[in-house]
Amino acid sequence: MNLADEFPLDPALCYLNHAAVAPWPKRTELAVNRFSHENTHWGATHYRNWLLLEKQLREQCRMLLNADDSNDIALVKNTSEGLSMVAYGLTWRAGDNVVISDEEFPSNRIVWESLRTKGVVVKEVSLKGLNPEADIIAAVDHQTRLISISSVQYASGFRLHLEILGAFCQQNAILFCVDAIQSLGALPFDVQQIHADFVIADGHKWLLGPEGLAVFYSSPTARSQLEVNEYGWHMIEHAGDYSRKTWTVAPSAQRFECGSPNMLSIHALSASLSLLLEVGIEQVHRQLDENISYLIKKLQAHPHIDIISTQQRERRAGIVTFKHRTLDSNNLYQVLMTKHVICAHRGGGIRFSPHFYTPKNVIDRAINAIP
Ligand SMILES: Cc1ncc(COP(=O)(O)O)c(C=O)c1O
């Protein structure tokens with residue numbers, strides 16, 4: 001595969017913002033163009049093919065997650081929606097608590113805080129200690145119902161050892177929910193190995209897809225504990241048999257998809273995932289890790305930069321955040337963006353997030369753009 005053909009980004013750009021919104025591969029552009037042409041000239045004449053593609057996307061997601069069954073995959077709007085389905089699907093008792101970290105992206109904090117009206121307590125744990133997994137586990141008590149955590153923190157890029165948390169949850173009958181948006185598509189993920197009950201990730205970051213289509217994994221047992229709060233023709237068993245007057249909620253994760261699917265985004269995301277799966281997620285991770293090592297080395301050599309992110313290999317994914325010793329981060333962000341270094345201002349610093357395909361010379365040019 002020729003990566004330059006697959007990612008024909010404008011050569012003026014140094015695109016280091018995959019932790020925010022990623023550019024699409026060429027094949028995704030072509031898939032969207034084809035789908036748009038088909039809609040314009042044929043309407044939904046070939047709807048059966050669209051359904052096949054939707055099925056293929058579920059299978060692609062299953063592979064990326066190493067889920068047991070594609071029936072455990074729902075396609076929802078975004079990470080926030082999936083998290084809300086968990087939060088508002090469970091039946092809470094006053095005094096129940098949820099354990100999260102104190103670095104979570106607002107989606108994985110606000111939804112739990114919103115349950116305060118039901119008497120639910122949110123416990124935030126610092127990840128700054130020597131053993132963050134042990135600190136999270138230490139915050140659990142007999143009223144903890146769920147641990148909800150990002151696999152990789154959005155600002156610092158800190159990666160958690162999910163298998164430790166998942167094993168603990170399993171042994172103690174606590175639900176384990178993972179916001180995987182900052183790792184799915186960047187490194188291998190295995191819902192079975194980490195004993196996850198729920199995993200959610202929108203498609204527009206490391207998965208290289210469009211915004212507004214997310215994968216929501218639920219294990220069958222965890223799913224059965226959730227009340228469904230959105231109803232329609234699509235989320236029932238025998239969906240499509242419109243003349244039936246009796247219905248039951250689908251046993252599969254399709255129960256979380258109330259109506260017509262987002263077919264346009266399904267075509268786009270499936271094309272993007274086909275690229276990641278073709279390269280192989282182990283290889284994607286190897287190349288990304290190489291890029292991150294290179295980026296860290298270059299930042300370390302810069303006379304005015306302090307790296308905020310951890311540099312420990314097993315604790316990082318695709319995010320490196322840093323500060324300038326003399327320039328305020330907001331000013332530095334403006335300077336970099338004017339020089340076409342596409343990055344983000346997060347966690348009090350500048351966040352660079354290359355992907356596996358990012359050429360080293362793009363990283364060099366970005367570093368050279370830092371005063
Ligand atoms: C950790 C994390 N969760 C969630 C989101 C976005 O959530 P959503 O898919 O609901 O837009 C982001 C986006 O930056 C994120 O970094």
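**Figure 1. Contact between helices α10 and α12.** In this predicted model, the residues E290, N291, Y294, L295, K298 and L299 of α10 meet K360, I363, D364 and I367 of α12. Sorted by class, this contact of α10 with α12 comprises five nonpolar, one polar and four charged residues. Helix α10 spans residues 281-301 and helix α12 spans residues 360-368, and their axes come within 10 Å and cross at roughly 25°. Because angles under 35 degrees count as roughly parallel, α10 and α12 are described as roughly parallel to each other. The crossing in which α10 passes α12 is right-handed.

**Figure 2. The four-stranded sheet and the helix that lies across it.** Four strands, in the order β9-β10-β13-β12, form an open sheet whose pairing is antiparallel. The edges are occupied by β9 (305-307) and β12 (344-346), each of which has a single partner strand, so one side of each is left without a neighbour in the sheet. Neighbouring strands of this sheet are turned against each other by 40° on average, with direction ignored. Within the sheet, strand β10 (residues 320-324) and strand β13 (residues 349-352) run antiparallel and are joined by three bridges, and T321 stands opposite R351 in β13. Helix α10, which also appears in the contact with α12, lies across β9, β10 and β13 and runs at about 10° to β10.

**Figure 3. The seven-stranded sheet and its edges.** Seven strands form an open sheet in the order β2-β8-β7-β6-β5-β3-β4, and their pairing is mixed. The edge strands are β2 (73-76) and β4 (121-125), each of which pairs on one side only. On average, and with direction ignored, neighbouring strands of this sheet are turned by 20° against each other. In a regular strand, the side chains alternate between the two faces of the sheet.

**Figure 4. Strand β3 between its partners β5 and β4.** On one side, strand β3 (residues 97-101) pairs with strand β5 (residues 144-150) in the parallel sense over three bridges, and the bridge partner of V98 in β5 is L146. Helix α7 (residues 162-171) packs on the sheet, where it touches β5 and β6 (175-179), and the direction of α7 makes about 155° with that of β6. With β4, strand β3 again pairs in the parallel sense, here over five bridges, and the bridge partner of V99 in β4 is K123. Between these two strands the chain crosses from β3 through helix α5 (residues 107-113) to β4, giving a β-α-β crossover that is right-handed.

**Figure 5. Helix α3 packed against helix α9.** The axes of helix α3 (residues 47-65) and helix α9 (residues 263-279) come within 9 Å and cross at roughly 45°, which makes α3 oblique to α9. This crossing of α3 and α9 is left-handed. From α3, the contact is made by Y47, W50, L51, L53, E54, Q56, L57, Q60, C61, M63 and L64, and from α9 by M263, I266, H267, L269, S270, L273, S274 and L277. By class, the residues of this contact of α3 with α9 divide into 13 nonpolar, five polar and one charged.

**Figure 6. Helix α2 packed against helix α9.** Helix α2 (residues 26-42) and α9 pack at an angle of about 150°, with their axes 8 Å apart. Because angles over 145 degrees count as roughly antiparallel, α2 is described as roughly antiparallel to α9. The crossing of α2 and α9 is right-handed. The contact is made by R27, T28, A31, V32 and F35 of α2, together with M263, L264, H267, A268, A271, S272, S274, L275 and E278 of α9. This contact of α2 with α9 has eight nonpolar, four polar and two charged residues. M263, H267 and S274 of α9 are among the residues that take part both in this contact and in the contact with α3.

Methods: Residues are numbered from 1 along each chain as its sequence is written. This is a predicted model: local features need pLDDT of at least 70, side-chain atom pairs count only at pLDDT 80 or more; totals for chains, interfaces and linings use all residues. Side-chain values use heavy atoms; hydrogens and water are left out. Two strands pair if DSSP finds at least two bridges between them. Axes are lines fitted to C-alpha atoms, for helices over the stretch in contact, and angles run from 0 to 180 degrees between N-to-C directions. Contact means heavy atoms within 4.5 Å. A crossover is right-handed if, with the strands pointing away from the viewer, the path from the first strand over the helix to the second runs clockwise. Angles under 35 degrees count as roughly parallel, over 145 as roughly antiparallel, 65 to 115 as roughly perpendicular and the rest as oblique. A crossing is left-handed if the near helix is turned anticlockwise from the far one by less than a right angle, and right-handed if clockwise. Ala, Val, Leu, Ile, Met, Phe, Trp, Tyr, Cys and Pro count as nonpolar, Asp, Glu, Lys and Arg as charged, and the others, Gly among them, as polar.
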